[in-house]
Amino acid sequence: MAEPWPSYSSSSRGKKKRPRSPNDDATSSQGRTENSTSLEDNLIFSDTLIALQLMRTQFPKLEKVVTQPFILQSQLYSSVKDRTQVDRDLESLKKDRVLRVFKLNTGQDDHAIMFMDDYLKQMESAVRRSKGKNQDCSEVFEWFEKYVLPSKLDVSIDHLELCSLLSNGGDARDKHITLLMNAGLLTRQLIDPNMYWFSIPSIGPILKGLTQGRKEVLSLLNRRKYKEMLLSSLEKTRLRLSPLDVRFHLRDLIGSGQIKTVQTATGLLARVSTD
């Protein structure tokens, strides 16, 4: 029997204190983020969970797409320099069911991190849309939330294990899995059709913008004589091809190593990596 979702743990180091929401540490340092919202002043953190919470509050407001905030793993690597500690913290937070990690189709190493509360809200919206189209077999969504999500913390699951976990709720059939896929909760892997990725519903348009925005930011820098620009100036640029803001893309590109930062007398410089 799966355990109910727990409250948020207070630290990425595994210590249990009072329950908290994803906003707690971010709002406790609200004075800092309100008075200094520039990327340069909010780039580096020593604590994984605090970095996640702040980036969650800074997730861009999107006009045409309704989605809960998510953070790219590359963005986390740009803000917390000890990658080994980040990976350990993410594993701990996954086991505590504070968050989930999802494999994205935008790149081999692209992963999105979403707080569990946010993911369940995103899932709820997808389930409402799916039930509106088809009431048949809709009980599978309850089985998925109750038996699959708490038991399987990886980014993927194979067909037999998925059916086994769903069968805790009832007679799981292929039509149930098809409904989960149509709702955007699972994506069948191309290499192995017996494997599924867990997925975030309704973020397809955002992922398209993520890919295009990366190219646009890099193109902007590559057109410069020295392929560099002050971070403070670059952050003010409005992108044409992505619904996400420049700060979102900069964190991603810095964390993935495609852009490096150099401290100068006039401020932090963003430069295209040549390594």
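The following questions and replies explain why some features of this predicted model are named as they are.

Me: How many aromatic pairs are there by the rule on ring centres?
Reply: The count comes to five aromatic pairs. A pair needs ring centres within 6.5 Å.

Me: Why is the pair of Phe59 and Phe70 called tilted?
Reply: The ring centres of Phe59 and Phe70 are 5.1 Å apart, and the planes stand at 55 degrees. Stacked needs planes under 30 degrees apart and edge-to-face needs over 60. The value of 55 degrees fits neither, so the pair is tilted.

Me: What parts does the pair of Phe59 and Phe70 tie together?
Reply: Phe59 and Phe70 both lie in the loop between α3 (48-57) and β1 (71-72), so the pair ties together parts that are 11 residues apart in sequence. Phe59 and Phe70 also form one aromatic cluster with Phe248.

Me: How do you know whether Phe59 is buried or exposed?
Reply: Phe59 has 9% relative accessibility. Buried means under 20%, so Phe59 counts as buried.

Me: What makes Phe70 count as buried?
Reply: The relative accessibility of Phe70 is 2%. That value is under the 20% limit, so Phe70 counts as buried.

Me: Why is the pair of Phe102 and Tyr119 called tilted?
Reply: Here the ring centres are 5.0 Å apart and the planes of Phe102 and Tyr119 are at 45 degrees. An angle of 45 degrees is neither under 30 nor over 60, so this pair is tilted. Both Phe102 and Tyr119 are buried.

Me: Where do Phe102 and Tyr119 lie?
Reply: Phe102 belongs to strand β2 (residues 99-103), while Tyr119 belongs to helix α6 (residues 116-133). The pair therefore ties together parts that are 17 residues apart in sequence.

Me: What makes Arg100 count as lying over the face of Phe198?
Reply: Arg100 lies at 4.7 Å from the ring centre of Phe198. The limit on distance is 6 Å, and Arg100 is listed as lying over the face of that ring. Phe198 is on the covered face of strand β6 (residues 195-198), together with Tyr196. Met195 and Trp197 make up the uncovered face of β6.

Me: How do you know that β4 and β6 pair?
Reply: Three bridges join strand β4 (residues 156-158) to β6, and the two run antiparallel. Pairing needs at least two bridges, so three are enough. Ile157 stands opposite Tyr196 in β6.

Me: What makes β5 a partner of β6?
Reply: Strand β5 (residues 186-188) is joined to β6 by three bridges, and these strands run antiparallel. The requirement of at least two bridges is therefore met. Arg188 has Tyr196 as its bridge partner in β6, and a hairpin of six residues connects β5 to β6.

Me: Why are β4 and β5 called edge strands?
Reply: The open sheet has three strands in the order β4-β6-β5, with antiparallel pairing. β4 and β5 are the edge strands: each pairs on one side only.

Me: Why is α8 called roughly perpendicular to α9?
Reply: Helix α8 (residues 159-166) packs against α9 at an angle of about 100 degrees, with the axes 11 Å apart. Angles of 65 to 115 degrees count as roughly perpendicular, so α8 is roughly perpendicular to α9. The contact involves His159, Leu162, Cys163 and Leu166 of α8 and Asp174, Ile177 and Leu180 of α9.

Definitions and conventions. Residues are numbered from 1 along each chain as its sequence is written. This is a predicted model: local features need pLDDT of at least 70, side-chain atom pairs count only at pLDDT 80 or more; totals for chains, interfaces and linings use all residues. Side-chain values use heavy atoms; hydrogens and water are left out. Rings of Phe, Tyr and Trp (its six-membered ring) pair if their centres lie within 6.5 Å; planes under 30 degrees apart count as stacked, over 60 as edge-to-face and the rest as tilted. Helices (H or I, at least four residues) and strands (E, at least two) are DSSP runs, numbered from the N terminus. Buried means under 20% relative accessible area, exposed over 50%, partly exposed in between (1.4 Å probe, protein chains only). A charge sits over a ring if NZ of Lys or CZ of Arg is within 6 Å of the ring centre and within 35 degrees of the ring normal. Axes are lines fitted to C-alpha atoms, for helices over the stretch in contact, and angles run from 0 to 180 degrees between N-to-C directions. Angles under 35 degrees count as roughly parallel, over 145 as roughly antiparallel, 65 to 115 as roughly perpendicular and the rest as oblique. Contact means heavy atoms within 4.5 Å.
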